[in-house]
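Work through the exercises below with the sequence and the 3D view open. Try each task before you read its solution.

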Amino acid sequence: MDRAALHQLIAAATGVSIETRLAPRCGPWTLVARSGGPSHSVVEAIVERLGAPARRIVIPTGLTTWEGVRSSWRLGPQPVIACGGGGVLDAAKLVSVLDYLGGQGEPPGQLPNLPSDFGGNLVCIPTTCGSGAELSATASFWDGGRKQSL
């Protein structure tokens, strides 16, 4: 698929073009993705339109874990733009929580309640269907061998 077709596909899926939705107000931004994989061409298209991200968080392949996200995290600019499957989208939600808390906070059971308007600086671009991560504000991840939700 060439880049023009890919941009049209993203615009059709989201209802607006990348430039209209993000570029005019984006400024520095953060990318959350896995390295390589099927979503790589979509990530390249986003970077081509918005410019290089100021912060890039690469989520390890496999199950999304609290420790994996926490070890990849470092404070950076908003918005957070995630591109990938359900694990990447859930990881981006955790990145947004860590950003909000300034990196403080341990296992999610110990996190404070978040404000009702939380999440306005997160854009998720799903590259798979059926995980449900693109439809929910909940993030599912593994912590200490148990599946958790936040």
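**Exercise 1. Count the disulfides in this predicted model, then account for C83 and C124.**

Solution.
- Step 1. Recall the bond. A disulfide is a covalent bond between the sulfur atoms of two cysteines.
- Step 2. Set the cut-off. The two sulfur atoms must lie within 2.5 Å.
- Step 3. Check C83. The nearest cysteine sulfur belongs to C124 and is 9.9 Å away, and C83 is in no disulfide.
- Step 4. Check C124. The nearest cysteine sulfur is that of C83, 9.9 Å away, and C124 is in no disulfide.
- Step 5. Give the count: 0 disulfides.
- Step 6. Add the surroundings. C83 is buried, with a relative accessible area of 0%. C124 is partly exposed, at 27% relative accessibility.

**Exercise 2. Describe the place of D90: which helix holds it, is it buried or exposed, and what does it touch?**

Solution.
- Step 1. Find the helix. D90 belongs to α6, which covers residues 86-100.
- Step 2. Classify D90. Buried means under 20% relative accessible area. D90 has 8% relative accessibility, so it counts as buried.
- Step 3. List its contacts. Leaving out residues up to four places away in sequence, D90 touches A133, T138, A139 and S140.
- Step 4. Look for a polar contact. The D90 side chain reaches the backbone nitrogen of S140 at 3.2 Å.
- Step 5. Compare sequence and space. D90 and A137 are 47 residues apart along the chain, yet their C-alpha atoms are separated by 8.8 Å.

**Exercise 3. Map the largest nonpolar core: which residues touch the most other members, and which element gives the most?**

Solution.
- Step 1. Start with the hubs. The core has 19 residues, and V32, V69 and V95 touch the most other members.
- Step 2. Assign elements. α5 (66-72), β3 (80-84) and α6 each supply at least two residues.
- Step 3. Pick the top contributor. That is α6, with 7 residues.
- Step 4. Look for another core. A second, separate one has 12 residues, including V43, I81, C83 and I125.
- Step 5. Follow V32. Beyond its neighbours within four places in sequence, V32 is in contact with residues including I57, I59, V80, C83, V88 and V95.

**Exercise 4. Name the buried residues of helix α4, then inspect what comes just after α4.**

Solution.
- Step 1. Take residues 40-50. The buried ones are V42, V43, A45, I46, V47 and L50.
- Step 2. Recall the helix geometry. An α-helix has 3.6 residues a turn, so residues three or four places apart point the same way.
- Step 3. Move past the end. Just after α4, G51 has a positive phi of about 90 degrees.

Note on methods
Residues numbered from 1 in each chain as written. Predicted model: local features only at pLDDT ≥ 70, side-chain atom pairs only at ≥ 80, totals over all residues. Heavy atoms only, no water. Buried < 20%, exposed > 50% of the residue type's maximum accessible area, 1.4 Å probe, protein only. Helix = DSSP H or I, 4+ residues; strand = E, 2+ residues; numbered from the N terminus. Contact = heavy atoms within 4.5 Å. Polar contact = N/O pair within 3.5 Å; in protein donor to acceptor, adjacent residues only side chain to side chain. Core = buried A, V, L, I, M, F, W, Y, C linked by side-chain atoms within 4.5 Å.
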